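The following exercises are to be worked through with the sequence and the structure at hand. Each task is followed by a solution in steps.

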Amino acid sequence: RCLFFALLALVSVLLSGTLHAVDATKIGVVRFTALINGYKRMQDEQETSIAKRRELQKEQASRRDELKRLDAKLQQHTPGSEAYNKTEDELQQKKAEMETWTRREAQKLLLEETRIIRRIYDDVQKAVTEIGRKGGYTLILKEDDFDLVGTRVTELKLKVALRKILYVDPSIDVTEAVLKLLNKTYAKKQTG
């Protein structure tokens with residue numbers, strides 16, 4: 001009989017500890033796309049990237065114009081003549097230079113975009129960690145709020161497969177708090 005009460009007391013203690021642990025769990029969710037779209041640094045990086053792409057498009061157009069000019073010049077010469085051969089060599093050289101330049105610039109853009117994504121993600125990670133610690137959160141999840149409208153079947157399947165959270169109670173959404181911290185921290189870096 002004493003053993004029964006001892007077991008009952010042990011089970012009671014274990015259950016109360018488990019219930020206490022469950023009560024202590026605090027979960028938050030960040031709507032990732034909304035966070036990224038509202039982050040001022042991301043907006044600035046996008047503007048810079050768009051400006052850089054426009055600059056590269058102008059340079060590419062200028063190089064194409066040069067190739068067209070050389071091709072037109074080539075057509076004015078008699079095939080096999082010294083002027084024809086010289087212009088043809090120059091045209092081939094400019095084509096090779098353009099191909100090399102295009103590959104190099106595309107690679108540079110890709111590397112820069114990779115760096116930007118890493119920096120943005122690091123910023124988000126730090127802000128979420130700070131909000132999590134200050135708010136006493138046990139876990140903060142990333143909700144991938146993909147737009148499922150108007151996508152092709154394969155793209156839709158991928159987005160559905162990647163989506164892990166189907167419902168979030170708005171009361172646990174910490175997106176605005178994280179966004180406010182991100183933008184505040186970024187503004188300080190810009191002025192300081």
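A residue counts as buried when its relative accessible area is under 20%, as exposed when it is over 50%, and as partly exposed in between. The model examined here is predicted.

**Exercise 1. Determine whether the length of helix α3 agrees with its number of residues.**

Solution. Helix α3 comprises residues 40–76, that is, 37 residues. The expected span is 1.5 Å times one less than the number of residues, which gives 54 Å for α3. The C-alpha atoms at the two ends of α3 are 54 Å apart, so the expectation and the model agree.

**Exercise 2. Identify the buried residues of α3 and the helices against which they pack.**

Solution. The buried residues of α3 include the charged side chains Arg-41, Asp-44 and Glu-45. Also among them are Leu-56, Leu-67, Leu-70 and Leu-74. The packing partners of the buried residues are α2 (32–38), α4 (82–135) and α6 (175–191).

**Exercise 3. Compare the surroundings of two salt bridges within α3, Glu-45 with Arg-41 and Glu-66 with Arg-69.**

Solution. The structure holds 15 salt bridges, and the criterion is a nitrogen-to-oxygen distance within 4 Å. For Glu-45 and Arg-41, the closest N and O atoms are 3.8 Å apart. These two residues are separated by 4 positions in α3, about one turn of the helix, and both are buried. For Glu-66 and Arg-69, the N to O distance is 2.6 Å. This pair also lies in α3, with a separation of 3 residues, about one turn. Glu-66 has a relative accessibility of 25% and therefore counts as partly exposed; Arg-69, at 41%, is likewise partly exposed.

**Exercise 4. Establish which residues are joined with Glu-112 and Arg-119 in a salt-bridge network.**

Solution. Glu-112 and Arg-119 form a salt bridge with an N to O distance of 3.2 Å. Glu-112 is partly exposed because its relative accessibility is 32%, and Arg-119 is partly exposed at 29%. Through shared partners, salt bridges link Glu-112 and Arg-119 with Arg-41, Glu-45, Arg-115 and Asp-123 in one network. The buried pair Glu-45 and Arg-41 from the preceding exercise thus belongs to this network.

**Exercise 5. Classify the aromatic pairs and state which parts of the chain they tie together.**

Solution. A pair of aromatic rings is described by the distance of the centres and the angle of the planes. The count comes to 2 aromatic pairs. In the pair Phe-32 and Tyr-121, the ring centres are 6.4 Å apart and the planes stand at 55 degrees, so the pair is tilted. Phe-32 belongs to helix α2 and Tyr-121 to helix α4; the pair therefore ties together parts that are 89 residues apart in sequence. Phe-32 is buried at 19%, whereas Tyr-121 is partly exposed at 41%.

The other pair, Tyr-39 and Tyr-186, is edge-to-face, with 6.1 Å between the centres and 75 degrees between the planes. Tyr-39 lies in the loop between α2 and α3 and Tyr-186 in helix α6, so this contact ties together parts 147 residues apart in sequence. Tyr-39 is buried at 2% relative accessibility, and Tyr-186 is buried with a relative accessible area of 10%.

**Exercise 6. Which lysines lie over the rings of Tyr-137 and Phe-32?**

Solution. The charged end of Lys-26 sits over the ring of Tyr-137, 4.5 Å from the ring centre. Over the face of Phe-32 lies Lys-142, at 5.0 Å from the ring centre. Phe-32 is also the partner of Tyr-121 in the tilted pair.

Key:
Residues numbered from 1 in each chain as written. Predicted model: local features only at pLDDT ≥ 70, side-chain atom pairs only at ≥ 80, totals over all residues. Heavy atoms only, no water. Buried < 20%, exposed > 50% of the residue type's maximum accessible area, 1.4 Å probe, protein only. Contact = heavy atoms within 4.5 Å. Salt bridge = Lys/Arg side-chain N within 4 Å of Asp/Glu carboxyl O. Phe/Tyr/Trp six-rings, centres within 6.5 Å; stacked < 30°, edge-to-face > 60°. Lys NZ or Arg CZ within 6 Å of the ring centre and 35° of its normal.
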